[in-house]
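Colleague: I am new to this structure and would like to go through it slowly, one question at a time. Could you show it to me before we begin?

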Protein chains: 2
Amino acid sequence: MQDAAGSEITDKRLLRGAKTRQVVLRRAVDLASLEGLGGLSFGRLATDTGLSKAGIQTLFRTKEALQLATIDAARRLFVDAVIRPAQSKPAGLQRFQALMDNWIDYAETPLFAGGCFWTATLAEFDSIPGPVRDALVADKAEWVTTLAADLQQATATGEVKPLDPALVAFQTDAVLSSANSALRYGDPTALPKLRRSLTTFLT
Amino acid sequence: MQDAAGSEITDKRLLRGAKTRQVVLRRAVDLASLEGLGGLSFGRLATDTGLSKAGIQTLFRTKEALQLATIDAARRLFVDAVIRPAQSKPAGLQRFQALMDNWIDYAETPLFAGGCFWTATLAEFDSIPGPVRDALVADKAEWVTTLAADLQQATATGEVKPLDPALVAFQTDAVLSSANSALRYGDPTALPKLRRSLTTFLT
């Protein structure tokens, strides 16, 4: 019976650790979107979540590990909100347009308190070499590649004007980021300009 | 003679204050381009410039005043490097292209240690209402308006394809900002994609 009781305690501990991790990271993603990854601290997250600083520190150990876990959490939430729901659409223009609609919801609602996580954090870390920048740059590259794949398909089937998929993916990502910033400071022309830009890029 | 001597002392003090201000702000602009305006502190600037913290604090008084003075200094340097040299070109496509060439030099050289000052700081402050954000947004609006004016002229004279100047100014600013970030993390495709984007926007 001792084994079973021991396992039960371990299971409960693991479950509590996983739950704490989830609560801390959800707050960390919001904070980083508002104030950057540099502003994350165990103390601030403890204050904001009501959990113990020691407990949070035990889970993540270093600030860099916390930053990397926050990027990973943001990435999962972004995939669930923007990418996965578009997968039911046929590859090409329809899926590209679903990605755009989902992205605009993600920035406008917004999913994270400070808007687009990568617009905020890549500007912060683009001059700071290291694992944090590498993770952010990899996420950005994956997103632009995802856009380019659907633009490639849309070009091959003639759904859009002849275009360079990688180039238009770069332009698309650029106007999304700019519109995200403009949404934050309340520029009412941000979304109309974004939508019209997407149209002019494709038609 | 007392008056003359007194004036001389005052003049020297003013001169020393102006010189200190200039040295501190030049460092502040570089620091903010790298680490954001939030990271500016009197202590850090004293360490970096070798000037006394008390002296710097006397000049600027509050962190917000220091941040606003830093934005103003960045703006003056940007105007001198990017805008003013283009004024000798005729309004329209030629001036627009000079602005683009100057801007690419500004981001690539770079003029500020962390690249484009506004890409770094607007992403940092876009969710934080107040005078700092207002100053950054005003600078951004003035830049986009400058671009739109030359695009308007270029459209009116048929130097470029028919286009919406405000819309293409928005797109241009967006790809400049994206390319700035990509330059920071060493993406070799950043400048070619930027230059090709500018061509596709106009022709």
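What follows is a conversation in questions and answers about this predicted model.

Colleague: What does the secondary structure of chain A come to?

Modeller: Reading along the sequence of chain A, one meets the pattern α-α-α-α-α-α-α-α-α. The C-alpha trace that carries this pattern spans about 70 × 40 × 30 Å along its principal axes. Counted up, the secondary structure of chain A comes to nine helices and zero strands.

Colleague: Of the residues of chain A, what percentage count as buried?

Modeller: Among the contacts in chain A with a separation of 6 or more, 63% are between residues 24 or more positions apart. As for burial, chain A has 203 residues, and the share of them that count as buried is 41%.

Colleague: Which residues have the most contacts inside the largest nonpolar core?

Modeller: The largest nonpolar core has 112 residues. One residue of this core, A28(B), is in contact with L40(B), L45(B), L66(B) and T70(B), if its neighbours within four places in sequence are left aside. The residues with the most contacts inside the core are A28(A), F117(A), A28(B) and F117(B).

Colleague: Which helix supplies the largest share of the side of chain B that touches chain A?

Modeller: Where the chains meet, 27 residues of chain B are in contact with 27 residues of chain A. On the side of chain B, at least two residues each are supplied by α6 (117–125), α7 (131–156), α8 (165–184) and α9 (190–202). The largest share of that side is ten residues, and these come from α8(B).

Colleague: How do the residues of the side of chain B that touches chain A divide into nonpolar, polar and charged?

Modeller: The side in question belongs to a contact in which 27 residues of chain B meet 27 residues of chain A. Sorted by kind, the residues on the side of chain B are ten nonpolar, ten polar and seven charged.

Colleague: Is α7(A) parallel or oblique to α8(A)?

Modeller: The axes of α7(A) and α8(A) are 8 Å apart, and the two helices pack at an angle of about 130°. An angle over 145 degrees would count as roughly antiparallel, and 65 to 115 as roughly perpendicular, so an angle outside these ranges and not under 35 is oblique. α7(A) is therefore, with respect to α8(A), oblique.

Colleague: Which residues of α8(A) does α7(A) meet?

Modeller: The crossing in which α7(A) passes α8(A) is right-handed. From α7(A) the contact takes W143(A), V144(A), L147(A), A148(A), L151(A), Q152(A) and T155(A), and the residues of the contact as a whole divide into ten nonpolar, three polar and one charged. On the side of α8(A), the residues met are P165(A), A166(A), V168(A), A169(A), F170(A), T172(A) and D173(A).

Colleague: Is D164(A) exposed or partly exposed, and why?

Modeller: D164(A) lies in the loop between α7 (131–156) and α8 (165–184) of chain A. Its C-alpha is 19 Å from that of R196(A), a residue 32 positions away in sequence. Because D164(A) has 17 C-beta neighbours inside 10 Å, it counts as partly exposed.

Colleague: In chain B, is the crossing in which α6(B) passes α7(B) left-handed or right-handed?

Modeller: The axes of α6(B) and α7(B) cross at roughly 135° and come within 10 Å, which means that α6(B) is oblique to α7(B). As α6(B) passes α7(B), the crossing is left-handed.

Colleague: Which residue is joined to P110(A) by a cis peptide bond?

Modeller: P110(A) has its place in the loop between α5 (93–108) and α6 (117–125) of chain A. The cis peptide bond there has an omega of about -20°, and it joins P110(A) to T109(A).

Colleague: Is R61(A) buried or exposed, and why?

Modeller: R61(A) is placed in the loop between α3 (53–60) and α4 (63–83) of chain A. Although R61(A) is not a glycine, it has a positive phi of about 65°. Because R61(A) has 10 C-beta neighbours inside 10 Å, it counts as exposed.

Terms used: Residues numbered from 1 in each chain as written. Chains lettered and ligands numbered in written order. Predicted model: local features only at pLDDT ≥ 70, side-chain atom pairs only at ≥ 80, totals over all residues. Contact = placed C-beta atoms within 7 Å. Helix = DSSP H or I, 4+ residues; strand = E, 2+ residues; numbered from the N terminus. Nonpolar A, V, L, I, M, F, W, Y, C, P; charged D, E, K, R; others polar. Buried ≥ 20, exposed ≤ 12 C-beta atoms within 10 Å, placed from the backbone. Core = buried A, V, L, I, M, F, W, Y, C linked by C-beta atoms within 7 Å. Axes fitted to C-alpha atoms, helices over the stretch in contact; angles between N-to-C directions. Left-handed = near helix turned anticlockwise from the far one by under 90°.
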